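User: I'd like to learn how to read a structure like this one. Could you take me through a few features, starting with the general idea each time?

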Amino acid sequence: MTPELARQLLFQMRRIRAVEEGIAGRYAAGTMRCPVHLSIGQEAVAAGVGLALRRDDLAVSGHRAHAHYLGKGGDLQAMLAEIYGKLTGCSYGKGGSMHLIDESAGFMGSTAIVAGTVPVGVGLAYGMKFKRSSQVSCVFHGDAVVEAGVFFESVSFAALKKLPVLFVCENNLYSVYSPLHVRQPQGRSIARMVEGLGLPAVCGDGNDVTEVYEMTQAALAAIRAGGGPRFLEFSTYRWREHCGPAYDNDIGYRTEAEFIEWKAKEPIARFEASLRDSGVISATEVERMDAEIEREINAAFTFAERSPFPEPAHAFTDVYAESAAPSVMSACLEGQS
């Protein structure tokens with residue numbers, strides 16, 4: 001952990017949080033018409049894993065994907081434009097918050113379907129092995145994904161074929177409003193369960209960005225050396241509601257005491273304090289960092305708001321049956337008239 005790397009990790013966490021707080025603060029205006037799933041409080045995983053991955057590695061995610069996209073090097077302006085449904089978005093305004101894809105950043109897609117991108121990530125890894133590439137496919141997912149049948153099928157296939165895939169589980173204790181104890185057997189360790197499927201699996205503190213980065217580096221090194229897939233489970237906690245910009249402790253599925261306990265462990269202040277204590281960074285440097293982030297975010301929101309919406313014809317581009325698009329489009333336009 002060099003001083004420069006430490007500064008990058010802190011910057012990335014602060015940037016991810018500021019972006020999502022910006023989304024939350026502007027959401028009530030009604031110009032972002034898609035649902036948003038924020039990961040405020042969980043920034044250490046996206047920052048630590050993202051900086052450990054190579055640029056040519058590939059990643060997929062689920063519905064809570066903003067942080068993973070940014071951590072992997074995704075374009076902020078393109079992400080915000082996508083959330084606004086604009087043509088300049090990374091998915092050309094077709095996907096919204098939950099369907100981000102940016103091949104230039106190696107971010108190969110996210111989806112609202114729980115576990116939907118797990119087999120996609122494994123398929124990407126199969127292609128890498130077939131080509132004898134040194135790339136790794138990273139699959140970001142939550143704790144509820146390990147309850148889906150396709151997860152077991154994908155993990156078993158990855159283990160059998162010794163594929164270069166890294167599974168990164170963000171265990172934030174809840175699937176929407178359902179805690180672990182109503183979804184999984186009492187006392188189960190997700191990592192130990194996955195280990196039983198044939199994968200080396202370890203648990204880590206998802207609020208400790210240094211631990212996240214170092215565990216990811218070790219896992220990636222083992223995968224690139226031909227050791228097959230690895231599974232990392234990081235304990236973490238989302239602050240805001242499952243879907244949307246507000247807080248939802250008042251509805252009773254989690255207690256205020258639990259929220260306060262986890263918030264006290266939050267990754268950014270914790271890491272910043274350690275860097276300041278060790279003389280790696282000063283309060284003035286943090287202020288400059290925040291000013292740079294604020295300028296970038298304001299410019300990105302302005303870009304997104306001023307970007308054009310796609311024309312109706314764009315609904316028929318980038319589809320499998322493109323040859324049928326003109327006739328379908330004509331029929332639609334005739335129906336409107």
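Analyst: Happy to. Let's begin with a definition: a salt bridge is a side-chain nitrogen of Lys or Arg within 4 Å of a carboxyl oxygen of Asp or Glu. Some ground rules also help: this is a predicted model, where local features need pLDDT of at least 70, side-chain atom pairs count only at pLDDT 80 or more, and totals for chains, interfaces and linings use all residues. Residues are numbered from 1 along each chain as its sequence is written, and side-chain values use heavy atoms, with hydrogens and water left out.

User: How many salt bridges does a search of the whole structure find?

Analyst: The search finds 17. One of them joins Glu285 to Arg7, with N to O at 3.9 Å. To place the pair, we need helices (H or I, at least four residues) and strands (E, at least two), which are DSSP runs numbered from the N terminus. Glu285 sits in helix H11 (residues 283-306) and Arg7 in helix H1 (residues 3-26), so this salt bridge ties together parts that are 278 residues apart in sequence.

User: How do I read whether Glu285 is buried or exposed?

Analyst: Use relative accessible area: buried means under 20%, exposed over 50%, and partly exposed in between (1.4 Å probe, protein chains only). Glu285 has 25% and counts as partly exposed. Arg7 is also partly exposed, at 27%.

User: Which residue does Arg17 meet in a salt bridge?

Analyst: The partner of Arg17 is Glu43, at 2.9 Å from N to O. Arg17 belongs to H1 and Glu43 to helix H2 (residues 43-52), so their pairing ties together parts 26 residues apart in sequence. Both Arg17 and Glu43 are buried.

User: What does Arg270 pair with?

Analyst: Arg270 forms a salt bridge with Asp208, and their closest N and O atoms are 3.9 Å apart. Arg270 is in helix H10 (residues 267-277), while Asp208 is in the loop between strand S7 (201-205) and helix H8 (209-227), so the pair ties together parts that are 62 residues apart in sequence. Salt bridges can also share partners: in that way Arg14, Glu272, Arg276 and Asp290 are joined into one network.

User: What about disulfides?

Analyst: A disulfide is a covalent bond between the sulfur atoms of two cysteines. The cut-off used here is a pair of cysteine sulfur atoms within 2.5 Å. The search of the whole structure finds zero disulfides.

User: Why does Cys34 have no bond to the closest cysteine sulfur?

Analyst: That sulfur belongs to Cys243 and is 9.1 Å from the sulfur of Cys34, which is too far for a bond. Cys34 is buried, with 14% relative accessibility, whereas Cys243 is partly exposed at 32%.

User: Which elements does helix H4 pack against?

Analyst: Packing is read from contacts, meaning heavy atoms within 4.5 Å. The buried residues of H4 pack against H1, helix H3 (66-71) and H11. Seven of the eight residues of H4 (residues 76-83) are buried, so this helix is largely enclosed by the rest of the structure. Among these buried residues are Leu76, Met79 and Glu82.

User: And what happens at the ends of H4?

Analyst: At the start, a side-chain oxygen of Asp75 comes to within 3.1 Å of the backbone nitrogen of Gln77. Just after H4, Gly85 takes a positive phi of about 75°.

User: Could we follow one residue of H1 through its surroundings?

Analyst: Let's take Met13, which lies in H1 and is buried, with a relative accessible area of 0%. Leaving aside neighbours within four places in sequence, Met13 has contacts that include Glu43, Ala47, Val209 and Phe271. The C-alpha atoms of Met13 and Gln42 are 9.0 Å apart, although the two residues are separated by 29 residues along the chain.

User: Where is Ser137 placed, and what does its side chain reach?

Analyst: Ser137 is in strand S3 (residues 137-142), and it is buried, with a relative accessible area of 1%. Its side chain reaches the backbone oxygen of Gly121 at 2.7 Å. Not counting residues up to four places away in sequence, Ser137 touches residues including Leu58, Met128 and Pro164.

Technical notes: Polar contact = N/O pair within 3.5 Å; in protein donor to acceptor, adjacent residues only side chain to side chain.
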